[in-house]
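Me: Pick one part of this model and walk me through it closely. I'd like the strands in the middle of the discussion, with whatever packs or opens up elsewhere added afterwards.

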Amino acid sequence: MILSGNVFSTKLGMETSITIVTPNRFEVGHSYQVAYLLHGLCGRSGDWAEYTMLPVFANDYNVVFIMPEVARSFYADMKYGLDYFSYVTEELPVICQSVFNLSARREDTAVIGASMGGYGALKCALSKPEQYGFCCAFSSPCLFLKEDFQRVGGGEEFKKSYGPQLYKDFQAVFGENLEWNPKNDLLNLATRIKALEIKPRIYATCGMEDSLHDDNLRFRNDMKELGFDFTYEDWHGNHDWYFFNEALKRAIEFCFGK
């Protein structure tokens with residue numbers, strides 16, 4: 001079953017789109033495992049349902065998938081914009097649990113994303129390890145945020161490397177001068193919780209032909225050094241839906257396979 005519509009968010013102060021995929025046989029009284037499935041930079045809430053075999057996976061694994069819409073926010077409480085991180089991690093679970101019989105146990109909860117959504121999934125899980133038992137991130141950017149900001153330097157160099165629109169997006173998210181904030185830095189978040197007994201199990205992947213492949217390999221090594229339960233796979237593929245569909249299948253098995 002695929003449900004698409006709008007929900008009013010008090011965190012955002014507006015209506016926002018949402019897509020939900022459930023097993024076709026949705027049983028009243030059954031407490032469902034849940035995955036929050038995050039879209040990429042150029043995407044929207046309906047992408048995963050339209051471009052992958054997600055409805056089939058929902059039936060196979062008997063899991064409910066919640067897909068919010070966050071524009072080009074990098075799942076942040078933006079410097080100049082809306083509080084999308086608070087919406088996704090605090091308000092959205094309450095809204096969905098009030099409508100569907102979703103388990104609130106971290107052992108039954110995953111956050112998954114690709115590209116910008118991969119960064120978002122890691123940020124959610126590393127910021128709130130008590131909330132997410134599993135995290136899966138595909139082809140994630142911004143894994144070394146402080147270095148990224150230092151490397152691109154001033155605005156003109158950034159625009160030359162990544163284009164003027166992304167520079168505007170980054171200014172809206174991180175501040176006019178791209179100020180580093182530890183709350184947005186994945187390795188800082190991971191270091192902060194490395195000694196905790198409760199940490200998310202993480203699955204990550206990136207296509208071998210993806211321009212982000214080297215960064216993802218380095219991130220894998222850093223996370224293993226920090227002592228995380230971190231599974232990494234790669235295979236031939238690029239930054240596209242062919243790769244993301246296969247990655248999603250493997251990630252769901254990682255989180256919810258019996």
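What follows takes the strands, then the packing, then two odd backbone angles, then the pockets.

Reply: Ground rules before the details. This is a predicted model, with residues numbered from 1 along each chain as its sequence is written, and local features need pLDDT of at least 70, side-chain atom pairs count only at pLDDT 80 or more, and totals for chains, interfaces and linings use all residues. Side-chain values use heavy atoms, with hydrogens and water left out.

Let's start with β5, which spans residues 109-114 (strands are DSSP E runs of at least two residues, helices H or I runs of at least four, both numbered from the N terminus). Of its 6 residues, 6 are buried (under 20% relative accessible area with a 1.4 Å probe, protein chains only; exposed is over 50%, partly exposed in between). In a regular strand, side chains alternate between the two faces of the sheet. Both faces of β5 are covered: Thr109, Val111 and Gly113 are buried on one side, and Ala110, Ile112 and Ala114 on the other.

Now its partners. Strand β3 (residues 33-38) runs parallel to β5, joined by 5 bridges (two strands pair if DSSP finds at least two bridges between them). Tyr36 faces Val111 across that pairing. β5 also pairs with β6 in the parallel sense, again over 5 bridges, and there Val111 has Cys135 as its bridge partner.

Carry on from β6 (residues 134-138) and you reach β7: these two pair in the parallel sense over 5 bridges, with Phe134 opposite Arg201. β7 (residues 201-205) has 4 of its 5 residues buried, so the rest of the structure largely encloses it. Its other listed neighbour is β8 (residues 230-233), which runs parallel to β7 and is joined to it by 4 bridges; Ala204 in β7 stands opposite Tyr232 there.

What sits against Val111 from the helices? Ala125, for one, touches Val111, along with Tyr132, Cys135 and Pro200, leaving out residues up to four places away in sequence (contact means heavy atoms within 4.5 Å). Ala125 lies in helix α4 and is buried, with a relative accessible area of 0%. Asp148 is 23 residues from Ala125 in sequence, and their C-alpha atoms are 21 Å apart in space.

Val111 turns up again in the largest nonpolar core, which has 62 residues; Ile66, Phe74, Leu126, Phe170, Phe219 and Met223 are the others listed with the most contacts inside it (a core is a set of buried Ala, Val, Leu, Ile, Met, Phe, Trp, Tyr and Cys residues joined through side-chain atoms within 4.5 Å). Apart from that core lies another, of 28 residues, including Leu37, Ala110, Cys136 and Cys255. So what does Ile66 touch beyond four places in sequence? Among its contacts are Ile18, Ile20, Val34, Tyr36, Leu92 and Leu102.

Two backbone angles deserve a glance. Most residues other than glycine have a negative phi. Phe74, however, has a positive phi of about 55°; this residue is in the loop between β4 (63-68) and α3, and is buried at 4% relative accessible area. Leu178 has a phi near 55° too. Leu178 sits in the loop between α7 and α8 and is buried at 8%.

Finally, the openings. The largest pocket has a volume of about 590 Å³ (on a 1 Å grid, an open set of points where a 1.4 Å probe fits, with protein on both sides within 12 Å along at least five of seven lines; lining residues have an atom within 4 Å of a point; points join across faces, edges and corners, and the volume is that filled by probe spheres on them). Of its 30 lining residues, Leu41, Ser115, Pro141, Leu212 and His239 are the closest to its centre. The largest share of that lining, 4 residues, comes from α5. By class, the lining has 19 nonpolar, 6 polar and 5 charged residues (Ala, Val, Leu, Ile, Met, Phe, Trp, Tyr, Cys and Pro are nonpolar, Asp, Glu, Lys and Arg charged, the others, Gly among them, polar).

The second largest pocket comes in at about 340 Å³. Asp77, Lys123, Asn181, Lys183 and Asn184 are the closest to its centre of the 15 residues lining it. α3 (84-99), α4 (116-127), α7 and α8 (186-193) each supply at least two lining residues, and α3 gives the largest share, 3 residues. That lining splits into 4 nonpolar, 4 polar and 7 charged residues.
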